[in-house]
Amino acid sequence: MSTKTTIRIQRFNPDKDKKPYFDEFVIEPTPDTTVLDALHMVKADQDGSVTFRRSCRHAICGSCAMNVNGSNMLVCKTPLRSVTDKKGVVTIRPLPYLPIIKDLVVDRSSFWKQYQRVKPWLIAPDDVPEQEFRVSPEEVKALNDAETCIMCGACYSSCQVIAMNKEYIGPHALLKAFLRVLDPRDTAPAERLADLAGYDGVYRCHTIFNCIDACPKGLNPTQAIETLRKLAQRRLAFEEERKARQQTIKEPISV
Ligand code: FES
């Protein structure tokens, strides 16, 4: 890696630009410099108007998702050297398919609207059992995967269906819906599955797998969508099974 790296940043200020263009900045990174560090170096030393989102710097908040050399990723956890090409250049764009507010900041309104649509909160039973809700190891793994999602938008803005149709629920919200449908405490799986099986729901997914490639947490929204498709076809039976199971787990554990 050369001692100097050229950072190409897509710029766009809607107040004065007709279309996006690229600015180039040369920095001297260390071996530990991340892509986010590089953006901070540019902003601090060369052009304070370069605009981007970030917060935690620890791959937790999801606010720093951007497109680097054509792939969506969290720039705070990406070493600059891992994305620097042979000519010493790194190209940074905003997340694709979303309206640009300024430079690398996009409008995520459609992303959050779809998240709200799937009611990502728990609909708990009125009659909470005194014993714990028991969960199988397979369910724990599925729930853990969905819960690990930090809502960064990398999957959403890599999805070819989203590129054409912002009414599609999207992989992020479907993964969170999956979390609630599989949650043994939730009382409305059939209602949820009916909504997910409707227009612009699970059957819109083209199974292109871009969401899996883009996810910085290594999650698998495509598999969750596939499971939701299967459950949607037997949603009433699934809910009855859920209720029957809750009845049995109220019984004392036999030893
Ligand atoms: S700054 Fe929070 S995930 Fe990157």
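A residue is called buried here if 20 or more other C-beta atoms lie within 10 Å of its own, exposed if 12 or fewer do, and partly exposed in between, with the C-beta atoms placed from the backbone. The model on screen is predicted, so local features need pLDDT of at least 70 and side-chain atom pairs count only at pLDDT 80 or more, while totals for chains, interfaces and linings use all residues. Residue numbers start from 1 along each chain as its sequence is written.

Begin with the whole protein chain, whose C-alpha atoms fill a box of roughly 65 × 40 × 30 Å along the principal axes. Coloured by secondary structure, the chain shows ten helices and seven strands, where helices (H or I, at least four residues) and strands (E, at least two) are DSSP runs numbered from the N terminus. Of its 255 residues, 36% are buried. Taking two residues to be in contact if their C-beta atoms, placed from the backbone, lie within 7 Å, residues 24 or more positions apart account for 67% of the contacts with a separation of 6 or more.

Next, select residues 171-182, which form helix α6. This helix is mostly covered, with twelve of its twelve residues buried, including H172, K176, F178 and R180. From first C-alpha to last it reaches 16 Å, close to the 16 Å expected at 1.5 Å a residue, that expected span being 1.5 Å times one less than the number of residues. Around α6, display α3 (109-117), α4, α7 (189-196), α8 (210-214) and α9 (221-232), against which its buried residues pack.

Move on to helix α1, residues 35-45, where V35, A38, L39 and V42 are buried. These four lie on the same side of α1 because they cover an arc of only 100° around the axis, the arc being that of the directions from the helix axis to the C-beta atoms. An α-helix has 3.6 residues a turn, so residues three or four places apart point the same way. On the face turned away from the buried side of α1, look for the exposed residues A44 and D45. To see what the buried residues of α1 pack against, add β1 (5-11), β2 (21-27), β3 (65-68), α2 (80-83) and β5 (89-93).

Finish at T148, which lies in helix α4 (residues 137-148). Is T148 buried or exposed? T148 counts as exposed because it has 12 C-beta neighbours inside 10 Å. Leaving aside residues up to four places away in sequence, T148 touches K217 and L219. A distance drawn from T148 to I123, 25 residues apart along the chain, gives a C-alpha separation of 20 Å.
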